[in-house]
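Visitor: I am new to this structure and would like a close look at a single part, the sheet of chain A. Please take me through it slowly, and set it beside the rest once that is done.

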Amino acid sequence: MILDVAGLHKSFGDLEVLKGIDLKVAERELVFVIGPSGSGKSTLLRCCNRLEEPTSGSIRVEGIDIMAPGVDINAVRRRIGMVFQSFNLYPHLNALGNVTLALRKVLKQGKSEADDIGMRALARVGLSEKAKAYPNELSGGQQQRVAIARALALEPSIMLFDEPTSALDPELVGGVLAVMRQMRESGMTMVVVSHEMRFARGAADRVVFMDHGRILEEGPPEKIFNEPEHARIKEFIASLNG
Amino acid sequence: MGKFTQTFLNWEVMAQYAPKIAEGFVVTVQLALLVVIAGVASGLVLALVRSFRVKALNLLIVAFVDVLRAVPPLVLIIILYFALPTVGVRMSGFVATWLALSAILAAFAEEIFWAGILAVPRGQWEAARSTGLSFVQAMSQVILPQAVRITIPPLTNRTIAITKGTALGATVAVGEILYQAQTGYSFSYNPSPLTLGAIAYLILFIPVVWFGRWVETRFAWKR
């Protein structure tokens, strides 16, 4: 198991956002998390690298209990790549600088070594020629691919995607999904929160449907999309198709 | 017209006191530079300390900042120079002026830097921390470079406003421009040294004001 979440609860004040989540993700698996807004999908992802502090429950990444007292959270985090809805590229650094910052500061690599690895990561997302471009000179889709390269460069054991395409213009979504598909083919373990149902049907091993802070149902995409046990899911999927 | 020139632009008097004004110019420049360095640096340190969000410490910082932003610089200089000796703390007028202006600049700079740090979107922290950067690394590599860029225009303006306060040093016998000009005036019974002093301030601060304007356009934020 790369990721093993058990009995995860998360409250913001009086609001309980996660009400006991159990989720296991095996190596090379692509798990898709869907559900209505406010169902706790993003919070679940953000608990997995403790960007949000879980209220209770356990989370293991590659067998390491990341909630254990004294755990080196920075060491854990570099094993978990995260891609955000709003890209969050560093505007004062160019694409290569964005990709290599953690290589140099966290892994303590020299500039030439970091640049080599950074260039390879940019090549994987098809943006070698944009290495010197600053984020404001890139389209949203390109920014998101640089953000993916930034996470990939650290060679994480799992990648978390938090609605990676929902801030993009429709014509830019394809490029990001193509990169994700190619990562999938190269065997990356991925957890994706997204509403790209076509992508989910084609690429996901498993779809998890969340509602009101709980996992309502999970299973292979055909099952969840075509014959879910819960009418709630049918409604939700119909609503996405407009 | 002859009388006006005779009174305010008297060449003889001006020539006589020009060396003194030049001396004052050097003192003003020294004082101003020391105020800028100490004030901006301590303001930055205070803002960084505040970012650790230690409650008791932050209350202290906020109290310090609010008091110093509220107190008139002259009052602070007078307290340091005239009041502290009664409890045995003595300092020169130069040091008193430097301390007072630096502390006030530090207070304003702290608020400006802090606002700059808060203005950097949360997502920047999250991206940095999610790649394994520590709090300090994220602050120094990701947040501060962006915060400083946002803060430079307001900080430059505030710094100019406070360094002009070096003229207050005249009240505690700091031999800066205004002091020399006033002294020249009282010895010569002619205000021409004051004119010369005003010109000296213009020579010193107009380039600084221009620099501030250049900085504002140069660092206009783009994403």
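Guide: What follows is a walk through the sheet of chain A, then the helix of that chain, and lastly chain B. Please keep in mind throughout that this is a predicted model.

The sheet of chain A is an open one, made of four strands in the order E2-E1-E4-E5, and the pairing in it is antiparallel. Its edge strands are E2(A) and E5(A), the latter covering residues 64-65, and each of these pairs on one side only. As a general point, strands of a sheet pair through backbone hydrogen bonds, either parallel or antiparallel.

A good place to begin is strand E1(A), residues 3-12, which is joined by eight bridges to strand E2(A), residues 15-25, the two running antiparallel. Within this pair, Lys10(A) of the one strand faces a partner in the other, standing opposite Leu18(A) in E2(A). The two strands form a hairpin with two residues between them, and in the turn Gly13(A) has a positive phi of about 60°. Turning to another partner of E1(A), we come to strand E4(A), residues 56-61, which runs antiparallel to E1(A) and is joined to it by five bridges. Here Asp4(A) stands opposite Arg60(A) in E4(A).

Along the sequence, between the hairpin and E4(A), lies helix H1(A), which takes in residues 41-48. This helix is mostly covered, since seven of its eight residues are buried. Among these buried residues are Leu44(A) and Leu45(A), as well as Cys47(A) and Cys48(A), but the set also includes the charged side chains of Lys41(A) and Arg46(A). After H1(A) comes Arg50(A), whose phi is positive, near 60°.

Chain B makes a contrast with that sheet, for it has nine helices and zero strands. The radius of gyration of chain B is 21 Å, well over the 17 Å that the globule rule gives for 223 residues, so the chain is more spread out than a compact globule. Along its principal axes, the C-alpha trace of chain B spans about 75 × 45 × 25 Å, and 44% of the residues of this chain count as buried. When contacts in chain B between residues at least 6 apart in sequence are considered, 76% of them join residues at least 24 apart. The accessible surface of chain B comes to about 11,400 Å², with 72% of that belonging to carbon and sulfur atoms. Finally, chain B carries 16 positive and 8 negative side chains, and the centres of these two sets lie 8 Å apart.

Notes: Residues are numbered from 1 along each chain as its sequence is written. Chains are lettered from A and ligands numbered from 1 in the order in which they are written. This is a predicted model: local features need pLDDT of at least 70, side-chain atom pairs count only at pLDDT 80 or more; totals for chains, interfaces and linings use all residues. Side-chain values use heavy atoms; hydrogens and water are left out. The radius of gyration is taken over C-alpha atoms; the globule rule is 2.2 Å times the number of residues to the power 0.38. Buried means under 20% relative accessible area, exposed over 50%, partly exposed in between (1.4 Å probe, protein chains only). Contact means heavy atoms within 4.5 Å. Accessible areas come from the Shrake-Rupley method with a 1.4 Å probe; for residues, only the protein chains shown count as cover. The place of a charge is taken as NZ of Lys, CZ of Arg, CG of Asp or CD of Glu. Two strands pair if DSSP finds at least two bridges between them.
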